[in-house]
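Open your viewer and get ready to select residues as we go. This is a short walk through one model, stop by stop.

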Amino acid sequence: MIDGAAIARTIREEVARDVAALSVRGMQPGLAVVLVGDDPASTVYVRNKDKACTGAGMHGVTVRLPASISQQQLLSQVDDLNADPAIHGFLVQMPLPRHLDADAVIRRIDPKKDVDGFHPVNVGKMLIGDTDGFVPATPAGVRELLARSDVETDGQHCVIIGRSNIVGKPMAAIMLQNQPGANATVTVCHSRTKSLPEFTRRADILIVAAGKANMLRGDMVKPGAVVIDVGINRVNDESAPSGHRLVGDVEFDSVREVASKLTPVPGGVGPMTIAMLLRNTVRAAERAIS
Ligand code: NAD
């Protein structure tokens with residue numbers, strides 16, 4: 001089992017050490033999160049980010065805005081954060097209410113403060129292997145999990161299920177790079193892929209980010225493959241006090257029989273996302289004073 005919670009804790013400790021080193025130079029890294037509306041999942045996620053930020057000794061700010069905010073008001077909030085010297089990185093929590101244009105908001109963020117790595121400048125840098133940009137936290141976390149679990153990626157066949165801009169596509173770009181911890185042969189599958197099991201059974205490393213509970217079964221996995229489950233799905237469970245529980249995209253019991261390594265949900269990729277976001281913010285702060 002790949003223990004994402006433990007690896008994320010180690011990264012948060014490393015971040016805290018970097019923050020302490022920066023404080024000697026008179027700088028405290030600052031991360032702001034803009035939360036528009038009160039989507040319950042986003043609210044929990046933003047609270048966790050804030051807690052992790054403070055825990056690492058960083059300056060954490062949550063900017064709460066009403067769901068009724070106009071596009072212009074939101075863009076002017078982004079401008080304020082771009083200009084704020086105490087904030088080295090920030091993000092606007094997605095999804096946004098439907099009347100707001102998320103792409104325009106992302107493009108307005110100063111790429112040097114875009115610690116989510118969604119601005120086209122950072123996406124481009126990631127694609128050409130320029131390490132000077134920011135890589136989105138979730139796929140960066142998956143790469144870190146593989147590296148810290150001693151998974152060989154060089155020349156291995158990595159099959160990714162999902163092609164979203166926040167997970168699948170950046171994941172493919174990362175694993176493709178001619179860099180240590182990457183160098184894989186990459187196949188990307190998606191909702192229009194025919195005969196999905198034919199691809200998944202050929203994977204040495206399988207990264208599943210489809211957002212479909214239990215979609216990857218054991219009979220779709222090559223014996224000995226490494227399986228990374230990015231999915232987070234809420235399913236009904238009458239035995240749970242809340243009436244539901246979280247499961248991944250991987251049918252855990254059947255896949256654990258064949259995989260050599262597997263991430264659980266929860267406790268796998270999830271905790272890595274915040275840890276990598278903190279690391280990106282420290283990097284933004286370091287660049288701001290170098
Ligand atoms: P998305 O809905 O934007 O994209 C899902 C992708 O999966 C699409 O590209 C689609 O083509 C593909 N897909 C869907 N069903 C498929 C099928 N049956 N066969 C093959 N491909 C299929 O979702 P996303 O934002 O990329 O997130 C994916 C999952 O990862 C979700 O469960 C999400 O909650 C989770 N997630 C977790 C974290 C984390 O921190 N662990 C972060 C981001 C997303």
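The tour below moves from packed helices to the ligand and then to a few loops.

Before you start, keep in mind that this is a predicted model.

**Stop 1: α1 and α10**

Select residues 4–24, which form helix α1, together with residues 270–289, which form helix α10. Their axes come within 9 Å and cross at roughly 20 degrees. Angles under 35 degrees count as roughly parallel, and α1 and α10 are therefore roughly parallel to each other. If you look at the handedness, α1 passes α10 in a left-handed crossing.

Now show the side chains where the two helices touch. On the α1 side, pick out G4, A5, I7, A8, I11, R12, V15, D18, V19 and L22. Facing them from α10 are P271, M272, A275, M276, L278, R279, V282, A285, E286 and I289. Colour this contact by residue class and you should find 15 nonpolar residues, one polar and four charged.

**Stop 2: α1 and α6**

Keep α1 on screen and add helix α6, residues 137–148. At what angle do the axes of α1 and α6 cross? They cross at roughly 100 degrees and come within 11 Å. Since angles of 65 to 115 degrees count as roughly perpendicular, α1 and α6 are therefore described that way.

To see the contact, select G4, I7, T10, I11 and E14 in α1, then E144, L145 and R148 in α6. By class, this contact divides into three nonpolar, two polar and three charged residues. G4, I7 and I11 may look familiar: they also take part in the contact of α1 with α10.

**Stop 3: α2 and α10**

Go back to α10 and bring in helix α2, residues 40–55. The two pack at an angle of about 50 degrees, with their axes 10 Å apart. That angle makes α2 oblique to α10. Here the crossing of α2 past α10 is right-handed.

From α2, select Y45, N48, K49, A52 and C53; from α10, select T273, I274, L277 and L278. The contact has six nonpolar, two polar and one charged residues. Leave T273 highlighted, as the next stop returns to that residue.

**Stop 4: the ligand**

Centre the view on the ligand, which has 22 residues around it. Which residues are closest to the ligand? They are R163, S164, S191, I232 and T273.

Three distances are worth displaying here:

- For R163, choose the backbone: one of its polar atoms is 2.9 Å from an oxygen atom of the ligand.
- For S191, choose the backbone again: an N or O atom there lies 3.0 Å from a ligand oxygen atom.
- For T273, choose the side chain: an N or O atom there is 2.7 Å from an oxygen atom of the ligand.

**Stop 5: loops with backbone features**

Zoom in on M94 and P95, which are joined by a cis peptide bond with omega of about 0 degrees. P95 belongs to the loop between β3 (89–92) and α4 (102–108).

Next, select V265 and P266 for another cis peptide bond, again with omega of about 0 degrees. P266 lies in the loop that runs between β10 (261–262) and α10, so you can follow the chain from here back to the helix of the first stop.

Finish at S195, in the loop between β5 (185–189) and α8 (196–200). Check its backbone: phi is near 55 degrees, a positive value in a residue other than glycine.

Definitions and conventions:
Residues are numbered from 1 along each chain as its sequence is written. This is a predicted model: local features need pLDDT of at least 70, side-chain atom pairs count only at pLDDT 80 or more; totals for chains, interfaces and linings use all residues. Side-chain values use heavy atoms; hydrogens and water are left out. Axes are lines fitted to C-alpha atoms, for helices over the stretch in contact, and angles run from 0 to 180 degrees between N-to-C directions. Helices (H or I, at least four residues) and strands (E, at least two) are DSSP runs, numbered from the N terminus. Angles under 35 degrees count as roughly parallel, over 145 as roughly antiparallel, 65 to 115 as roughly perpendicular and the rest as oblique. A crossing is left-handed if the near helix is turned anticlockwise from the far one by less than a right angle, and right-handed if clockwise. Contact means heavy atoms within 4.5 Å. Ala, Val, Leu, Ile, Met, Phe, Trp, Tyr, Cys and Pro count as nonpolar, Asp, Glu, Lys and Arg as charged, and the others, Gly among them, as polar. A residue is near a molecule or strand if one of its heavy atoms lies within 4 Å of it. A polar contact is a pair of N or O atoms within 3.5 Å; within protein, one must be able to donate a hydrogen and the other to accept it, and residues adjacent in sequence count only if both atoms are side-chain atoms.
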